[in-house]
Amino acid sequence: MPEAVIVSAQRTPVAVAKKGMLRDTSVYDLADHIVSAAASGLDPAAVDDVILGEGLHGGGVIARHAAITAGLTSVPGLALNRHCAAGLAAVERAAAGIRAGMDELVIAGGVNSASTAPKSKLAQGEDWIDPWLPPTHPDRPDAPNADMTITLAWNTAVKMGVTREEMDAWALRSHRNAVRAVDEGRFDAEIVPIKTQHGLFQADENPRRDTSMEKLAALKPVHPEIEGFSITAGNSSGANDGAAALVVASDRLGLPVLGTVRAWASVGVDPAETGLAPVKAIPKVLARCGLSVSDVDLFEINEAFAVVPVVAVKVLDLDPDRVNVYGSGCSLGHPVAATGARMLTTLVHELRRRGGGIAVAAMCAGGGMGSAMVVEVPAP
């Protein structure tokens, strides 16, 4: 059985939705840009498929649009939606086709434009509300499908006894790690700048240099009407735009290897326990390749809300110094359908700088889902 190897991994910078550099860049333009960058230098005849995760648009195949723009006219396209884990699912699908011997070279990733996502019409009239959020599960009082601050974050914090101070401290750490990474050029190898109506966009917008525990503590909870509610804009990810794409190939092609996809796993939990999904997905994926948490050099557990990695570190007894070393959703941002591919991109580049090793990308996804992937990066 051939191995599925990552031969390139790139992403756009992540922008703040509605007011950032990508506010007028459509999801199609983002997809066209990142797929064209991934396809650069490839023989179009050798590419079997383009697979992109998407979460806010639907009604079309963004990947096919991007394939044609990139000059891959003979290549089909596939759009996948696993909410926050859509970009990770795209890479899983690419790796599965390669390991099955059905494909040899696939471009896979995800794209998200919260800025240009469709808006919803109110049921009683023609007024527009913003944003349209596709439901991930049937609505219910303890797990509203349009409010992840309750369904995902608050429920998890209450169930696991996580305090606001713990979440704020993790968010502060995230911003500090991300700012340090920017200053040290840690993302330079993975970022593909993109020209926009507002100039050349080449650095992540979301990390905050001036944040502090005092500033985080001063933020009002999202639901002040709920006694003790501890979820704020500071210990949550925001709305973001961005794209990421990896070229996944059969090792039999003999291409230079950035990393090897060792295993992947997804789980389902009750929607009210969505924030606990990575706690289930990580042991499952490690068992599939005979590893334990002590074998992992780097984790990235997406900070859709800070409570998610806080709980995972506690429950799985992870070394926090190996988790989100350059930030994650709270600091870098969470361009939903692109985040999983962005995480993999960051992990393989960072492990390569460190001389190789094992990395795990893990995340929860709306509706009580969670996904995780193990990649192994060889020494350069």
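Helices and strands here are DSSP runs, numbered from the N terminus. The model is predicted.

Q: Which strand and which helix each supply at least two residues of the lining of the largest cavity?
A: The lining includes Leu 298, Phe 299 and Glu 300, as well as Thr 346, Leu 347 and Glu 350. Residues 298-301 form one contributing element and residues 339-353 the other. The elements that each supply at least two lining residues are strand S12 and helix H9.

Q: How much space lies in the largest cavity?
A: A search of the whole structure for cavities of 30 Å³ or more finds one. The space in the largest cavity is about 60 Å³.

Q: How do the residues of the lining of the largest cavity divide by class?
A: Among the lining residues are Asn 324, Val 325, Tyr 326 and Gly 327. Gly counts as polar and Tyr as nonpolar in this scheme. The lining divides into five nonpolar, three polar and two charged residues.

Q: Are H1 and H2 parallel, perpendicular or oblique to each other?
A: The axes of H1 (residues 27-39) and H2 (residues 62-69) come within 8 Å and cross at roughly 55 degrees. Angles under 35 degrees count as roughly parallel, and 65 to 115 as roughly perpendicular. H1 and H2 are therefore oblique.

Q: Which residues in H2 meet H1?
A: On the H1 side, the contact involves Val 27, Tyr 28, Ala 31, Asp 32, Val 35 and Ser 36. By class, the contact of H1 with H2 has seven nonpolar, three polar and one charged residues. The residues in H2 are Ile 62, His 65, Ala 66, Ala 67 and Thr 69.

Key: Residues are numbered from 1 along each chain as its sequence is written. This is a predicted model: local features need pLDDT of at least 70, side-chain atom pairs count only at pLDDT 80 or more; totals for chains, interfaces and linings use all residues. Side-chain values use heavy atoms; hydrogens and water are left out. Axes are lines fitted to C-alpha atoms, for helices over the stretch in contact, and angles run from 0 to 180 degrees between N-to-C directions. Helices (H or I, at least four residues) and strands (E, at least two) are DSSP runs, numbered from the N terminus. Angles under 35 degrees count as roughly parallel, over 145 as roughly antiparallel, 65 to 115 as roughly perpendicular and the rest as oblique. Contact means heavy atoms within 4.5 Å. On a 1 Å grid over the protein atoms alone, a cavity is a set of points where a 1.4 Å probe fits but cannot get out, and a pocket is an open set with protein on both sides within 12 Å along at least five of seven lines; lining residues have an atom within 4 Å of a point. Grid points are joined across faces, edges and corners, and a volume is the space filled by probe spheres set on the points.
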